[in-house]
Amino acid sequence: MTTDYTGNDSSQAKKDKCAYLDEHFYTTRRRKDLWNHLKDAAVTKSEALQKAVPDNLANRIRNDLLQLTSIENYWAFPGPEALAKAIALCDRGEWQELADDITILARLISTDHYRSTERMPMHTSHNIKTKEIENDICSPKANSRTFHGKPYFEILVVDSLGLEEEELLKRQHLQHAREEDSFRYGIVIVNSLEDAIIALILNYNIQACVLRYSFPSKSVNTMAAVDDYLDFTGYTWDALSRLSGTERTGVLAKILKSIRPEIDLYLISEATVEQVTDELHSDFTRCFFGTEDYQELILSILKGVYNRYETPFFNALKDYAERPSGVFHALPISRGKSISKSHWIHDYGQFYGDRMFLSETSATTGGLDSLMQPSGSLRVAQELAAKAFGAHKTLFVTNGTSTANKIVIEALTRPNDIVLMAGDCHKSHHYGAILAGIRTVILQTFQIQKYNISGAVPTNELKRNLLLLKESEELKHVRAIILTNLTFDGIAYDLENLMMECLAIKPDIIFIIDEAWFAYGVFTPLTRKRCAMSAAQNLHSRILTNEYRSNYRKWLEKTGGINKLSLDKMLEMKLLANPETTRIRVYSTQSTHKTLTALRQGSMIHIYDFSYHDEVHGFMKNAYQCHTSTSPNYQILASLDIARRQMHLEGYELIQKAFELSLIFRKAIHNSNLLVRFFTPLDHADLVPEQYRKHTGQAGLEANYWHSVNASWLNHEFALDPTRITLDISKTGISGASFKKLLMDRFDIQVNKTTFNTILIIIHIGTTRGMVTYLLEALVKIAKEIEAGKPNSLTTSRRNNLRPSDGTNCDITLPLTSNFHSHFNNIKSNLLSAGDTRLATSLAKREGAIRFINLDLDIIKDIEGGKIFVSACMVTPYPPGYPVLLPGQIVTSEAVRYLLAIEGQEVHGYDQELGLQIFSANALSP
């Protein structure tokens, strides 16, 4: 089997393409399955020989080994050397030794203990001491938290080498390993551009990549995802074959960075210094010439990994906890003294342990730093977070994203500014609007009434509102747009294109993106493009290119620009922003604790704004100090530092595994004749209307599923995050709220958001296969009981209809956004409603300004008969946490019907005893 160096593989190579590399989820899982399958066969074969029992396992073992040969090259452990040894043992019929080796290898791969045990040699795996390692794994320490040794990673080397040269190269790299190094590492060597991409997709251990000299484009293996990443660079395989070695190296660097931008790339080159500096250096951490600098290369790689591993604030907190200290300041609980002295609260200290209280302090010195004015470890921690999340600047917040939202709104807006806000924005944004005194235009989201789910704001809805504001000469007052990305139900915007079109109308508009549920998005290539910071960076890079400037000039000549076009025409076409006047200003707030490894209320603000230091820094500082506690929780701050480290080093792995689990769950339901009769996992075709999708083909549940998901994230106006599984339970005859209670009461399974016929399941980086299996087992039990019609607590939860308990004839329909009463709407347009919610909130405090009404059929009749009621407070069902009514909005019959229909759900701002707070007629008189 051969491959020529022009990038064209031979006809025989094409016939031998490896089918197991169709999709990375299947390949990584199949690799583990093959090793375990091989272990079972080898052990059985060995036992059969000892008992002189005939068997036909030899062919099965050879077949498994053959299948692994196309996969194992992409890992350092156990790697091709161990596989070659296994094949040799198989050929010689040494079944007992093969069984011993394969057993320990399979165990190490399945448990990931090869990434933990200190006994694992760094070079090749055919000299591992299996008994010693097995003793390590079986020891009590194996399941303890102190078992982990030095972190392990793998270095990808791309070069066209023979087997002997590969072995020599590995030894050259590994001979520089030292006992004092902070990490252990192995070497993966691949021989082509395609293999390098496949290795980076499949192998989560890779933390650095070395590109050496020249290498061909094509491999004897293939993977569908490779073509997607190649498209990203704008190249085809044919075009790659015509590039020089240096040019091909540059293309590969760009592709590898598009998959995992956090890893460091190193170049060993024969090109001239000028070529490397001018054409290649921007994507590489460092470039080397020849082989004389191997030690320097290894030291650079270790330093690069350590820079991501470093957690300055967490380290400072650990150091503080280890130091003896006398506390003559606040916090009696500091050092745990008020607990150890107590006769009544020992159980509190035992529950949390010593370390939590040893690190509890109000000190801002001794390396701990001040959240209000960071200048040491906390400042560095925030700088590392900014680098990890692709921001210009990052701020840590210890009061949750509700506080982060208020900080950003107060820092960026001025009284009487107009801010466009999505109808599904969290209530904290509206409280921020009240505090800031701004006018809000509420943007209508698309709605999936069949499932009672609010979607996102279409780009045309944004454009229409901005253009109406332009027509009414209010555009100069428009300051910002606030959107939720992704939504509670997992719907993500195409932010880059949305920003482009909005900036074409208002070139200095600020985007505030609530990414409370999307902190993980930047760490995987599928979701990265739609994250706020990535979209800002991509858009900024795009408008600076000569190609874009040329396209803009052509577009301007053809259309005359937005001042020459009608509103209808502008809604029909894609608008382009003026590269001379456009300013990219994007702010993202993230609930780190919701999706990453951070303590509750741990959040971050990410900023991509070249005007920040000149225009915003002082206001942000003031807003930050206004809303942030002067006694921040250091445990929360340390957890934010740790969350960044984890995602910087293994975010790609953790998210890919979450994607895999979501696929396993969907596939299990579709493949079960029982479950599929009662449960349906909804797909993007169910939750994104057809007009916002470019194609509507059936996704399927194998390779096609991920191809469809990838296509939707690349091309559709809205995409659905695969880790959000909205499960249609309507066929069970149980309401969402009752099903949620059933899962908790009977199975101790927690879910959050429900509608009348769905429950939302979130697969996150902490979800395990065992958890998914347990959920599926619970669904099977429920389905069996429904099918059997057993008279128990389950069937008594089943509903006959969706009517509220008071018997009123109300359908559960999401209400459309209501207009503000004219008393609070001072915008110069009859087609828009921009409410002053601070005015409404202030007015409600006046004596005699409010009264209460009970929501019932009579109120609905009054409204439909023309009577006007105006809400004097914010009314917010929770979850999902976005308001149905705002202060100053007119109460609609749809809003009343909805609130009646969700009776029993937690609703903030609505008092079940007193009723709904509305303005009295006198309060609204001219």
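## A five-stranded sheet

Let's start with one sheet in this predicted model. Its 5 strands make an open sheet with parallel pairing, and their order across the sheet is 2-1-3-4-5. At the edges sit strand 2 (184-190) and strand 5 (286-289), each of which pairs on one side only. On average, neighbouring strands in this sheet are turned by 20 degrees against each other, ignoring direction.

What holds strands like these side by side? Strands of a sheet pair through backbone hydrogen bonds, and the pairing can be parallel or antiparallel.

## Zooming in on strands 4 and 5

Strand 4 covers residues 264-269, and 4 bridges join it to strand 5, with the two running parallel. You can pick out one partnership by name: Tyr266 has Arg286, in strand 5, as its bridge partner.

## Two cysteines

Now for a couple of cysteines. Are they buried or exposed? Cys287 counts as buried because its relative accessibility is 15%, under the 20% cut-off. Cys425 has 0% relative accessibility, so it counts as buried too.

A disulfide is a covalent bond between the sulfur atoms of two cysteines. How many disulfides does the model have? The count is 0, going by sulfur atoms within 2.5 Å of each other.

## The whole protein

Stepping back, the protein has 37 helices and 24 strands. Of its 926 residues, 58% count as buried. Looking at contacts with a separation of 6 or more, 74% come from residues 24 or more positions apart.

And the outside? The protein exposes about 39,800 Å², with carbon and sulfur atoms supplying 49% of that area.

Conventions:
Residues are numbered from 1 along each chain as its sequence is written. This is a predicted model: local features need pLDDT of at least 70, side-chain atom pairs count only at pLDDT 80 or more; totals for chains, interfaces and linings use all residues. Side-chain values use heavy atoms; hydrogens and water are left out. Buried means under 20% relative accessible area, exposed over 50%, partly exposed in between (1.4 Å probe, protein chains only). Two strands pair if DSSP finds at least two bridges between them. Helices (H or I, at least four residues) and strands (E, at least two) are DSSP runs, numbered from the N terminus. Axes are lines fitted to C-alpha atoms, for helices over the stretch in contact, and angles run from 0 to 180 degrees between N-to-C directions. Contact means heavy atoms within 4.5 Å. Accessible areas come from the Shrake-Rupley method with a 1.4 Å probe; for residues, only the protein chains shown count as cover.
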